[in-house]
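Please open the structure in your viewer and keep the selection panel at hand. The stops below say what to select next and what is there.

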Amino acid sequence: MLRTFDLVLVGVMISAAVVTYTIKHRADEKLAEVRKLETEIKLEKDTIDLLRADWALLTQPNRLHRLVTVYGDELKLVPTLSTQLAQPSELPMLRSQLPQPPEPEGMSVEDAIASATAGSNDTKLASRGATTGGLASKGIPVPQPRASVLGVDTTTTGSVNR
Amino acid sequence: MSFLSRIMVHKSRAHYSVSTGGVTDHAAFEGARKKRAGQAKSRVGIIALSFTAFYCVIGGRLVQYGMEKPEIVSSIAPADRLMASRPDLLDRNGEVLATDIRTVSLFAEPHRIVDVDEAIEKLRTVLPDLDARGTYQKLSSNSRFQWLRRQLTPKQQSQILALGIPGIGFRPEKRRFYPGGATASHIVGHVNIDNRGVAGMERYVDSQGLADLTALGMTTDQPLEPVKLSIDLRVQAILREVIYSWIAKTEAIGAGAVVLDVHTGEVLGMASAPDYDPNNPAEGAKEGWLNRMSNGTFEMGSTFKSFTTAMALDTGKVRITDSFDASAPIRIGGFTIKDFHGKGRVLSVPEIFQYSSNIGTAKMADVVGIQGHKDFLTKLGLLTRMKTELPEVAMPTQPREWKKINSITISFGHGVSTTPLQTAVAGAALVNGGKLIEPTFLPRSRADADAVATQVIQPSTSKDMRFLFDWNGTKGSGRNARVDGFDVGGKTGTADKVVNGRYAHDKNFNAFLAAFPISDPQYVVLTFIDEPRTDKGNGAALAGNTAAPMVKEIISRSAAILGVKPKFGEDGSALLVSY
């Protein structure tokens, strides 16, 4: 009875030792793996830092300006003038919405020009012009701003949030 | 123990009885044997039990430790001074201004070097400028450690590793790197060889506790949260480029420019020339370290007339419609105050401002009085040391005792030396509705700015000053700074510099204090140029021809970046399409 019990105990002991050893071994392996990954992460992080510094160096405004000057012949870049900046609300109407001058029925082109230059003296033409809305008395189309733009100030420059 | 000793006693007695019993009596022997078997059994039982109990205790403890929550403790490893990190400095858009990069330094252990000549020969293939003689002495010495080269690039490191030289190794190090070089040198500052901030915002970061941490050895190589500054790298680059191009154009000895948000006091860009490369600060040590913007004091000249006029208007003793007789020079205490662009007639307040009349301005200051004048300039912060994050801030100088002649000369900007940055800050207060806001190099919201702001002039005075700046910008000396669409208003100042105690007429300090768009100012721009020369070589360069065009260049290039929208037309209507 004792002998079988002993054997059982010995068996349990050996198996416990084996299990413990495997667990320990696996833990060691995992630890080594973790260390390896940590080293890799550290290396990657350092590389990211280095690349970020490199990116900052390459995108320096003064460097870009220098490059623009050097390659000026090919790029043909010029500074944006303040007169070249416009808001969406400042754009004129679409071409399709442009008011058409009235069809000069039964008139030659010369007549139409003559009547337009004669202006308001020609009451007949002036009254016809008035019916077409967006025309001035002289029959010249007057630009209307494009339909109201939602959120007028849509230009952002990224520097200052206003 | 008593349990064990009892077992021992039993055992010794049993042994005794067995030996004696065996010899004397057979029956006793039988009994003894049986008894011994029984005893052995019980002993085994006891031992088995005790072992079981022992292992149960161990097992129980293991389970107990397994169930227990791990106690959170931390320990700070002895800090590696070479690896201690500093926070990155970023601009307001997150562009890197200063960062840590990991470098390695090459060292050798001479006692482990096999062939010194071979090692040097191999190293020189990667580091061609390695000093062969010095390195030979180092490597053949009896020491156990020698630095060979500090701060190598990763590429050089891998090349040296590939050479496979025994007895040399690498030690990681952190090095501060400024990608912009000199672009923002005076704002960012630089660090010394121990990675301590010694100038600019680097020093400010240290003074906010980082230095104490380092001293306690509590900094680690863990990255710290980056510090965001208020400057915009693009604007900063424009400022620096403009001032350098004008220095080249006018052969000036120095120049500077600042862009300041009038509502928050944030500095969007500040450049001062000459400057230096913070990556290599020793090289610029001669001249470049002086930040003329905040650490140099100058007599600001006629730009001060803005403050005199604002003072006169703010007291209510002078109205914008008033006139002063500027026909005759003022003679006081052996001095004669004349006008440079003298008109020789009675001038209204806007005309005094437009023609930059010394006589008219002096008379306006006279209305307020000496003490009132001094108090007003003090209130605007022009006579006291400015409070901001930058450590390099100079103390303005003023006469020890204000006399009438001092008040008169100070009214047009002579006799008081102040820093250009301070002048810009006070100028911002004139146009933003009268709030004096300390300048800051860190981002600040409008609400925060209002909390620290002090009302120095009435909003109505500020409105008058905007009118005057606009007037001078369209009709007066500020015309050269006008940019289409961005109404620039400002005041020029051409001051004679003091040479050997006398005002020299051929050495000028030119400044231009501007705000744009002047109808609702968002930014104040101040430029100055020190001793410019015109191409004629007569040395009489006026601010209207030097500092004002600088402002024009700066605004036309940076206004869109700063988010200011151009407005065209007299009534500010935005239609610019013409048929």
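Select chain A and consider its contacts between residues with a separation of 6 or more: 54% of them join residues 24 or more positions apart. This is a predicted model, and that applies to every stop on the tour. Colouring chain A by secondary structure brings up 5 helices and 0 strands, which follow the pattern α-α-α-α-α when read along the sequence. Of the 162 residues of chain A, 6% count as buried.

Turn next to chain B and give each of its domains a colour: domain 1 covers 2–67, domain 2 covers 81–229 and domain 3 covers 236–558. Taken over C-alpha atoms, the centres of domain 2 and domain 3 of chain B are 43 Å apart. Where these domains meet, 20 residues of domain 2 of chain B are in contact with 20 residues of domain 3 of chain B. Which elements give two or more residues to the side of domain 2 of chain B that touches domain 3 of chain B? They are helix H6 (185–188) and helix H7 (200–216) of chain B. Sorted by class, that side of domain 2 of chain B has 10 nonpolar, 7 polar and 3 charged residues.

Now select residues 523–530 of chain B, which form strand E18. Is this strand mostly covered or mostly open? Strand E18 of chain B is mostly covered, with 8 of its 8 residues buried. In a regular strand the side chains alternate between the two faces of the sheet. Showing the side chains of E18(B), you can follow B:Tyr523, B:Val525, B:Thr527 and B:Ile529 pointing one way, while B:Val524, B:Leu526, B:Phe528 and B:Asp530 point the other way, and all are buried.

Keep E18(B) on display and add residues 254–261 of chain B, strand E6, which pairs with E18(B) in the antiparallel sense over 8 bridges. Within this pairing, B:Val258 stands opposite B:Leu526. Then add strand E17 of chain B, residues 502–516, which also pairs with E18(B) in the antiparallel sense over 8 bridges, and here B:Leu513 stands opposite B:Leu526. E17(B) and E18(B) form a hairpin, with 6 residues between them.

In the loop between E17 and E18 of chain B, select B:Pro517. The peptide bond from B:Phe516 to B:Pro517 is cis, with omega near -25°. Another cis peptide bond joins B:Ala273 and B:Pro274, where omega is about 0°; B:Pro274 is found in the loop between strand E7 (267–273) and helix H9 (292–295) of chain B. Most residues other than glycine have a negative phi, and most peptide bonds are trans.

The last stops concern phi. Select B:Glu251, in the loop between helix H8 (233–250) and E6 of chain B; although B:Glu251 is not a glycine, its phi is positive, at about 50°. How many other C-beta atoms lie within 10 Å of B:Glu251? There are 14, and B:Glu251 is therefore partly exposed.

Finish at B:Glu531, in the loop between E18 and helix H18 (547–558) of chain B. The phi of B:Glu531 is near 55°, again a positive value in a residue other than glycine. B:Glu531 has 19 C-beta neighbours inside 10 Å and so counts as partly exposed, because a residue is buried if 20 or more other C-beta atoms lie within 10 Å of its own.

Conventions:
Residues numbered from 1 in each chain as written. Chains lettered and ligands numbered in written order. Predicted model: local features only at pLDDT ≥ 70, side-chain atom pairs only at ≥ 80, totals over all residues. Domains from an automatic or database assignment. Contact = placed C-beta atoms within 7 Å. Helix = DSSP H or I, 4+ residues; strand = E, 2+ residues; numbered from the N terminus. Nonpolar A, V, L, I, M, F, W, Y, C, P; charged D, E, K, R; others polar. Buried ≥ 20, exposed ≤ 12 C-beta atoms within 10 Å, placed from the backbone. Pairing = 2+ DSSP bridges.
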